[in-house]
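I opened the notebook to look up burial, overall shape and nonpolar clusters in this entry.

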Amino acid sequence: MSVSRPAAVIVLAAGEGTRMKSRLPKVLHEICGRSMLGHVLAAAAELGPERTVVVVGHGRDQVTGHLKRVAPEVGTAVQDRQNGTGHAVRMAVEALREEGVALSGTVVLAYGDTPLLRGRTLADLVAAHEAAGNAVTVLSARVPDPAGYGRVVRGPSGDFTGIVEHADATEEERAVDEINSGMYAFDGALLAEVVGRLSTDNAKGEEYITEAVAILRGDGHRVDATPAADWVEIQGVNDRVQLAEARRLLNDRLLTDLMRDGVTIVDPATTWVDAEVAVGRDSVIEPQTQLQGRTRIGEDAHVGPGVLLRDTEVGAGARISHAVAHEAVVGPECSVGPYAYLRPGAALERGAKIGTYVEVKNSTVGEGSKVPHLTYVGDADIGRGVNIGASSVFVNYDGVNKHRSSIGDHARTGSDNMFVAPVRVGDGAYTGAGTVVREDVPPGALAVSAGGQRNIEGWVLRKRPGTPAAEAAERAKGAEEASDR
């Protein structure tokens with residue numbers, strides 16, 4: 001069934017969330033790479049609404065700043081006093097009216113602390129609402145334990161008759177397992193009119209949007225409720241225990257989607273992925289792996305165990321083990337780790353190898369090149385087919401500025417080298433072990449900086465008498481003298 005584009009989606013995000021015990025507004029707490037509010041906005045965006053408005057209140061500067069970064073197209077309405085859900089919706093309607101927006105279509109109401117909500121659930125709500133020609137459609141859910149929730153009450157024929165709060169429900173009504181999620185699809189014109197009629201005649205003296213449902217039904221308009229396919233989606237998060245539970249549920253959902261798309265997840269219990277991560281078919285994700293941000297992994301890659309990737313691109317057929325990468329690019333068929341660190345700006349071309357205890361920052365490593373052991377590569381460009389010797393350092397910082405170095409194609413550098421930037425090693429050049437490269441090395445040349453080795457005989461016996469080293473040296477000397485006789 002085709003669904004019309006909603007006139008607006010209103011997201012309530014003005015509450016303080018005191019049970020989070022945090023200086024951060026509740027809706028900004030992160031789960032799987034997005035704020036809770038960000039997840040709700042992503043679900044709403046799937047509807048393609050003409051306008052999306054977030055009602056802000058507590059911590060509104062933080063929430064507004066966050067929206068400017070992640071969803072600049074979204075508008076805001078301010079609820080200075082948290083005077084109930086109906087009051088918050090009225091603030092949004094008034095803000096839209098001031099912008100000249102005519103609410104002539106469907107308006108969807110959602111909450112910023114429901115990160116498990118799916119776009120397709122909102123689409124189903126809108127479809128049911130418009131197909132029935134309702135004034136308002138309640139998104140309900142059938143839950144295992146309805147205690148504390150408002151119940152959806154239906155007549156003998158199953159027709160919606162109202163919502164009753166748990167405290168006001170009879171024993172028969174409390175046995176009902178269909179609850180009100182607090183999310184709705186409204187006829188926009190009727191919503192704009194009814195929010196001006198909400199009363200504060202209740203224990204808290206607040207305006208509640210549930211009253212709008214009763215008013216519209218009392219006016220003779222058609223009102224109904226449609227259950228969500230998965231009751232878990234409508235759960236709100238009110239404290240950090242629930243935040244952790246929601247994170248686990250969302251992570252399981254994301255991993256299930258990846259596995260159904262052809263990715264092997266060896267141990268879902270210890271694998272964590274963010275909502276915007278993408279992994280190609282026939283890739284394998286080993287245990288204790290975290291894929292964060294907008295990480296992209298190609299087909300046939302092997303990632304893990306013990307890997308953390310954030311905003312990193314991994315090419316097809318690459319292998320990464322026990323490594324960390326932030327904002328890096330790992331080309332096809334590359335090998336990284338174990339115990340390697342790729343910092344922002346690290347870019348490995350096809351078939352490059354980064355080995356054990358190697359750190360790469362803001363550098364390119366050319367096709368087929370190898371940096372196998374105990375090395376720091378910072379602000380450098382390494383050509384194709386290069387081998388960097390163990391325990392080498394690209395000395396890129398002079399105490400004030402960073403400088404770049406380059407290693408030409410098919411160069412071979414010795415162990416324990418220091419490349420003091422800015423310096424260039426030419427194509428096909430070699431450097432000797434222990435060399436400090438301070439000047440450019442021409443193509444095909446061998447660079448060495450150390451003088452000839454000098455052995456000072458008897459130094460240990462003279463300078464370190466009585467030590468285990470001196471005793472070992474004396475025994476060896478005696479054995480040599482005996483063998484000479």
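I first looked up burial: of the 485 residues of the chain, 46% count as buried, where buried means under 20% relative accessible area, exposed over 50% and partly exposed in between, with a 1.4 Å probe and protein chains only. The model is predicted, and local features need pLDDT of at least 70, side-chain atom pairs count only at pLDDT 80 or more, while totals for chains, interfaces and linings use all residues. I note that residues are numbered from 1 along each chain as its sequence is written, and that side-chain values use heavy atoms, with hydrogens and water left out.

For the overall shape, I found that the C-alpha trace spans about 120 × 45 × 40 Å along its principal axes.

Next I turned to the interior, where the largest nonpolar core has 66 residues, and I10, L37, V54, V89, L191 and I209 have the most contacts inside it; such a core is a set of buried Ala, Val, Leu, Ile, Met, Phe, Trp, Tyr and Cys residues joined through side-chain atoms within 4.5 Å. Apart from that core lies another, of 59 residues, among them V237, I265, V307 and A447.

I then followed I10, which, leaving aside residues up to four places away in sequence, touches V53, V55, V89, A92, V93, V107, V108, L109 and A110 (contact means heavy atoms within 4.5 Å).

Last, I checked Y339, which sits in the loop between β24 (335-336) and β25 (340-342), strands being DSSP runs of E with at least two residues, numbered from the N terminus. Y339 is partly exposed, at a relative accessible area of 43%.

How values were computed:
Helix = DSSP H or I, 4+ residues; strand = E, 2+ residues; numbered from the N terminus.
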